[in-house]
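Please look through the sequence and the structure below before reading on. The briefing that follows is meant to be read slowly, with the model in view.

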Amino acid sequence: MRCYCYLRNIVDLSHGNVTPYEKRFGLPFRGPVYPFGCQVVYTPTNPDDQSRSHPYGSKQLDGLFYGYALQQACGWTGNLFILDWEQVDKAERPDQIYPRVIPASQVKTIH
């Protein structure tokens, strides 16, 4: 729900033909706009995830976009929440899945 609300604030135009985000912060949102749950590839930041990358292949892992990491006043930190695809696939219970906080520059959607 938090991701849905944030996407509405950065995408939907309101009165004056600007987004609610732009009204609040005085400039348009400059980050990526991904739909909740879209498949992405990301560059892992922790050593356990990095060790799963193939040494001669891609250094990125598959994941799912989970949302935007926000500051207290709802400004964006520049990071995204990503769920690791392998972890989601192997989990037997929801509490075995935790989001990674990845800089947006290290995340790309799969087309």
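What follows is a short briefing on this structure, grouped by topic.

The model is predicted, so each value here is computed from it. The protein holds 4 helices and 5 strands, and their order along the sequence reads α-α-β-α-β-β-α-β-β. Of its 111 residues, 32% count as buried.

**Overall form and surface**

- Along its principal axes, the C-alpha trace of the protein spans about 50 × 30 × 25 Å.
- The accessible surface of the protein comes to about 7,300 Å², and carbon and sulfur atoms account for 54% of that surface.
- Among the contacts in the protein with a separation of 6 or more, 46% are made by residues that stand 24 or more positions apart.
- The protein carries 11 positive and 10 negative charges, and the mean positions of these two sets are 9 Å apart.

**Helix H1 and its buried side**

- Helix H1 takes in residues 2-11, and within this helix Cys3, Tyr6, Leu7 and Ile10 are buried.
- These buried residues lie on the same side of H1, because they cover an arc of only 100° around the axis.
- The buried residues of H1 pack against three elements, namely helix H2 (20-25), strand E2 (61-70) and strand E3 (76-84).
- Ile10 is found in helix H1, and Ile10 counts as buried because its relative accessibility is 7%, which is under the 20% cut-off.
- If neighbours within four places in sequence are left aside, Ile10 is in contact with Thr19, Tyr21, Phe29, Val33 and Tyr68.
- Ile10 and Ser51 are 41 residues apart along the chain, and their C-alpha atoms are separated by 35 Å.

**Cysteines without a disulfide**

- How many disulfides does a search of the whole structure find? The search of the whole structure finds 0 disulfides.
- It helps to recall that a disulfide is a covalent bond between the sulfur atoms of two cysteines.
- Why does Cys5 have no such bond? The closest cysteine sulfur to that of Cys5 belongs to Cys3 and is 9.3 Å away, which is too far for a bond, given that a disulfide needs the two sulfur atoms to be within 2.5 Å.
- Cys38 is likewise in no disulfide, and the nearest cysteine sulfur, again that of Cys3, is 8.8 Å away.
- Cys5 counts as partly exposed, with a relative accessibility of 38%, whereas Cys38 is buried, with a relative accessible area of 16%.

**Residues in the loops**

- Asn17 is found in the loop between H1 and H2, and the relative accessibility of Asn17 is 59%, so this residue counts as exposed.
- The phi angle of Asn17 is near 60°, which is a positive value in a residue other than glycine.
- As background for that angle, most residues other than glycine have a negative phi.
- Asn46 has its place in the loop between strand E1 (39-42) and helix H3 (47-50), and Asn46 counts as partly exposed, at 25% relative accessibility.
- Asn46 and Ile102 are 56 residues apart in sequence, while the distance in space from C-alpha to C-alpha is 9.9 Å.
- Is Gln72 buried or exposed? Gln72 is exposed, with a relative accessible area of 84%, and Gln72 lies in the loop between E2 and E3.
- Gln72 and Leu83 are 11 residues apart in sequence, and they are 22 Å apart in space when taken from C-alpha to C-alpha.

**Lys90 in helix H4**

- Lys90 has its place in helix H4, which takes in residues 85-90, and Lys90 counts as exposed because its relative accessibility of 58% is over the 50% cut-off.
- Lys90 and Leu13 are 77 residues apart along the chain, and their C-alpha atoms are separated by 40 Å.

Notes:
Residues are numbered from 1 along each chain as its sequence is written. This is a predicted model: local features need pLDDT of at least 70, side-chain atom pairs count only at pLDDT 80 or more; totals for chains, interfaces and linings use all residues. Side-chain values use heavy atoms; hydrogens and water are left out. Buried means under 20% relative accessible area, exposed over 50%, partly exposed in between (1.4 Å probe, protein chains only). Helices (H or I, at least four residues) and strands (E, at least two) are DSSP runs, numbered from the N terminus. Contact means heavy atoms within 4.5 Å. Accessible areas come from the Shrake-Rupley method with a 1.4 Å probe; for residues, only the protein chains shown count as cover. Lys and Arg count as positive and Asp and Glu as negative; His and the chain ends are not counted. The place of a charge is taken as NZ of Lys, CZ of Arg, CG of Asp or CD of Glu. The arc is that of the directions from the helix axis to the C-beta atoms.
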